[in-house]
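What follows is a walk through one structure, starting at its ligand and moving outward to its sheets and helices.

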Amino acid sequence: MAESASQRAEREVGRRRPGFRLLEEIGTIVTESSDFGASLQGIVRSVARHMSMEVCSIYVYDPARRLLTLMATAGLDPSSVGRITMSVDEGLTGIVVEKLQPVMAIDALTHPRYKYFPETGEERYHSFLGVPVVDRGQPVGVLILQTSRRRRFTTSEVRLLRAIAVPISSILAQTQLQANLATKEEERLTYQRRMDDAIRRLEGYRSTPEAHSHDGGQVRLLGVPAAPGYGIGRAHLIKPDVSFSGLPRQRTGSVKSELARIEAAKKRSARELDRTKERIVATVPEIDATMFDAQRMMLEDPSFEARIEAAIREGLSAEAALEEAVEGLSRHFTELDDAYFKDRAADIKDIGQRLLRHLLGVREKTRQFVSSVVLVGADIALSDLSLVEQEGLRGVVLARGGGTSHASILARSLEIPTVAGAEHADTVIREGDHIIVDGNAGLVYVNPTPEIVKEYDRLTKEYRAFNRDLETLRLLPAETPDGHHVALCANIGLLGDLHLANLHGAEAIGLYRTEIAFLSHRDFLAEEEQVELYHRIVTRMEGKPVTIRTLDVGADKYPRYLNAPQEDNPFLGWRSIRVSLELTEVFKAQLRAILRVSAAGPVRLMFPMISGVEEIRRAKELLAEARDELTMAGQPFDPNLPVGIMIEVPSAVQLADQLVKEVDFVSIGTNDLIQYVLAVDRNNRKVGSMYEPLHPAVIQALAVVVRAARRAGKQVAICGEMASDPMCALLLVGLGLDNLSMSSFFIPIIKRLIRAVPYGVAQDLAKQVLTFSTVAEIKSHVFTVMRDLNLIDLIEMYH
Ligand code: PEP
Ligand code: MG
């Protein structure tokens with residue numbers, strides 16, 4: 001039969017845009033097949049055919065065992081399915097998982113990470129393109145194309161493959177779940193063996209660190225992402241500028257002159273500490289200023305002074321006397337076996353360094369790095385902080401500490417990519433090593449291969465270009481084409497985050513996590529310190545509202561000074577508002593501080609983790625007391641300060657109607673709500689795939705809260721990470737959320753989405769989704785709607 005004009009046109013479109021047809025075909029395969037294996041096999045066949053590739057394969061990733069297993073292939077020997085297994089440290093496929101980015105090789109066979117499997121007959125294939133299959137930010141597999149011809153894959157092929165990876169992710173996530181359940185016992189044993197191996201390896205590793213750093217060896221270290229971005233440069237090890245070893249022990253001058261030398265060194269050290277404190281605190285107010293004071297006090301501590309003087313009178317030089325005093329005191333503190341005194345031991349050593357430098361007349365490190373430098377050390381002591389402010393600094397790698405250490409906070413404020421907690425970094429890395437710091441993923445590459453360098457060059461360029469593209473959206477309103485406005489706001493934790501919030505056009509601060517400042521301090525912040533900090537935020541937002549959340553400590557965020565109880569289930573324990581309602585004086589100091597800054601600009605107050613009416617009433621009573629105290633003291637505040645709560649626990653959802661009556665607004669904290677509704681620990685990677693924002697139970701809970709807020713005429717926001725995921729955001733808009741608050745980086749992506757989707761379409765989508773009973777139905781429907789709206793690239797950007 002002759003082909004009609006429209007059939008011809010359709011065929012032509014299909015030929016020119018294989019992606020369109022292919023995505024449709026994959027959508028059908030996914031919705032029509034209930035057998036995961038058959039779906040995956042159908043997908044690879046379809047991809048190979050439409051994209052004219054000789055090989056298309058899918059590997060599934062088992063994060064517990066760090067293994068990749070071939071699950072489906074078109075082009076390789078079919079009998080190798082399920083038999084080809086490789087560690088994530090092997091092969092190009094492993095790099096895709098490591099980096100969570102596409103990896104391309106024109107001639108894979110010559111790539112140093114190429115791994116040959118004779119079972120597959122793979123040696124025929126030269127060109128390789130692999131993209132990660134990601135579910136909720138975690139790798140679940142790899143999708144691969146191979147050709148025998150040496151060729152470069154085009155940008156649209158890469159983009160298409162990434163789009164295909166999206167529907168595959170839900171299949172693989174469910175496959176993983178099934179496999180996990182089926183092999184639980186075996187896994188337990190493997191885990192045990194793995195731990196034994198790891199301990200043995202670690203012991204070996206510690207005893208022979210040279211094995212990792214000599215021979216220009218390539219090492220990859222995993223740490224905590226402490227400040228985002230990519231940094232490339234040569235390692236500069238943070239080492240003391242001066243050392244006690246080799247200095248004369250016997251005195252050369254008189255007792256009097258040695259005592260005078262020490263006195264002069266002390267004066268200079270004190271001045272230097274004061275100057276540094278002033279400078280750093282002005283740039284980064286979250287830095288705990290009391291740590292400077294603690295060192296200052298130690299400098300003048302009478303027992304420290306007495307030890308030095310006694311040693312000088314016994315005939316030692318000022319340097320040797322200082323060494324004895326520092327050694328003696330730090331030994332004493334260390335023996336007390338308490339975290340607080342261990343910090344003091346570190347302080348006294350740092351002071352010793354500073355004093356010695358002044359005794360020897362060596363100036364503070366102020367050198368300018370001439371070329372790109374990555375600072376590497378166990379931690380950054382106060383006496384080294386000035387290094388972090390240098391030009392030419394491209395990254396920081398710390399063996400100790402986490403995202404809230406003072407060094408990390410400083411680096412984030414100065415926008416220097418930083419990885420903290422990268423164990424052994426200070427012993428494995430040598431001065432001058434070539435380093436890549438991936439502050440987004442928490443990875444450090446030491447002497448990386450040219451391929452990895454190239455990949456990171458590309459990533460850096462893409463990252464910049466991506467930011468530039470989205471920048472154009474900054475001044476446009478977040479409005480659907482039919483005029484429905486959704487407020488896009490920023491979640492912040494540090495003053496430094498404000499820069500990004502303004503850069504990306506946040507309309508307001510939807511969540512200020514005050515506990516971040518408390519975590520980096522040595523004690524609860526005093527009321528005045530809080531006022532100063534909050535005041536800076538309110539004034540920097542220039543009239544845009546700031547929602548300040550009261551302290552949300554506990555569970556995974558305990559400041560050391562809180563004397564946290566040992567709890568079996570900290571997420572179900574003494575956390576958040578429960579802590580505040582018990583430590584009423586600390587709580588009221590914070591409430592007074594928030595009230596006081598409300599006189600300086602639009603502020604909203606928000607209580608976290610409210611689980612019942614009694615709790616919000618008690619919190620409001622304390623707020624009333626704080627108001628009365630300020631009135632008595634003649635301190636101004638906004639008498640109409642809006643008060644809201646976070647809905648984060650299932651009981652609050654059940655009681656939404658009653659709770660909204662108590663407040664001016666509600667904000668749904670889905671990070672916690674999801675974990676409590678689904679009983680899935682948000683930080684436990686083992687059950688990470690079960691942590692699912694698009695679970696029907698979660699969506700129903702959101703709908704309950706939105707309806708309750710609507711009935712009461714109150715505003716309803718969402719401030720969990722879910723708001724920044726385009727697939728979720730579309731649904732949230734349709735459900736009727738007024739305000740989406742997220743990490744600033746995602747605001748332009750979500751704005752682009754809102755500006756592309758008529759409100760009616762989003763509402764229809766939400767209505768439909770509320771009738772579904774499985775994650776797969778929800779995801780596939782949202783995906784189809786986004787595909788029809790031509791918004792697949794937004795999903796790619798997010799993942
Ligand atoms: C949440 O739980 O969604 C939330 C925003 O609070 P946090 O992530 O700080 O617990
Ligand atoms: Mg929370």
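Ligand 1 is surrounded by 14 residues, and the closest of them are Arg513, Arg549, Glu648, Gly669 and Asn671. The model is predicted, so every distance and angle below is computed from predicted coordinates. From the side chain of Arg513, an N or O atom is 2.7 Å from an oxygen atom of ligand 1. Backbone atoms take part too. For Gly669, a backbone N or O atom lies 3.4 Å from an oxygen atom of the ligand. Asp672 likewise places a backbone N or O atom 3.0 Å from an oxygen atom of ligand 1.

Next come the sheets. One of them is a closed barrel of eight strands, paired in parallel and running E15-E16-E17-E18-E19-E20-E21-E22. On average, and with direction ignored, neighbouring strands in this barrel are turned by 25° against each other. Within the barrel, E18 (residues 603-607) pairs with E19 (residues 643-647) in the parallel sense, over three bridges. Leu605 has Val643 of E19 as its bridge partner. Packed on this sheet is helix H26 (residues 696-712), which touches E19, E20 (665-668) and E21 (715-718). The direction of H26 makes about 155° with that of E21.

A further sheet, also of eight strands, is open and has mixed pairing. Its strand order is E7-E14-E13-E9-E10-E11-E12-E8. Strands E7 (219-222) and E8 (224-227) stand at the edges; each has a single partner strand, so one side of each is left without a neighbour in the sheet. Here the average turn between neighbouring strands, again ignoring direction, is 30°. Inside the order, E9 (residues 230-237) and E10 (residues 373-377) run parallel and are joined by four bridges. Ala235 stands opposite Val374 in E10.

The last stop is a pair of helices. How do the axes of H27 (residues 726-735) and H30 (residues 775-788) cross? They come within 10 Å of each other and cross at roughly 90°. That angle makes H27 roughly perpendicular to H30, because angles of 65 to 115 degrees count as such. On the H27 side, the residues in the contact are Pro726, Met727 and Leu730. They meet Lys779, Val782, Phe783, Val785 and Met786 in H30. Sorted by class, the contact holds seven nonpolar residues, no polar ones and one charged residue.

Terms used
Residues are numbered from 1 along each chain as its sequence is written. Chains are lettered from A and ligands numbered from 1 in the order in which they are written. This is a predicted model: local features need pLDDT of at least 70, side-chain atom pairs count only at pLDDT 80 or more; totals for chains, interfaces and linings use all residues. Side-chain values use heavy atoms; hydrogens and water are left out. Axes are lines fitted to C-alpha atoms, for helices over the stretch in contact, and angles run from 0 to 180 degrees between N-to-C directions. Helices (H or I, at least four residues) and strands (E, at least two) are DSSP runs, numbered from the N terminus. Angles under 35 degrees count as roughly parallel, over 145 as roughly antiparallel, 65 to 115 as roughly perpendicular and the rest as oblique. Contact means heavy atoms within 4.5 Å. Ala, Val, Leu, Ile, Met, Phe, Trp, Tyr, Cys and Pro count as nonpolar, Asp, Glu, Lys and Arg as charged, and the others, Gly among them, as polar. Two strands pair if DSSP finds at least two bridges between them. A residue is near a molecule or strand if one of its heavy atoms lies within 4 Å of it. A polar contact is a pair of N or O atoms within 3.5 Å; within protein, one must be able to donate a hydrogen and the other to accept it, and residues adjacent in sequence count only if both atoms are side-chain atoms.
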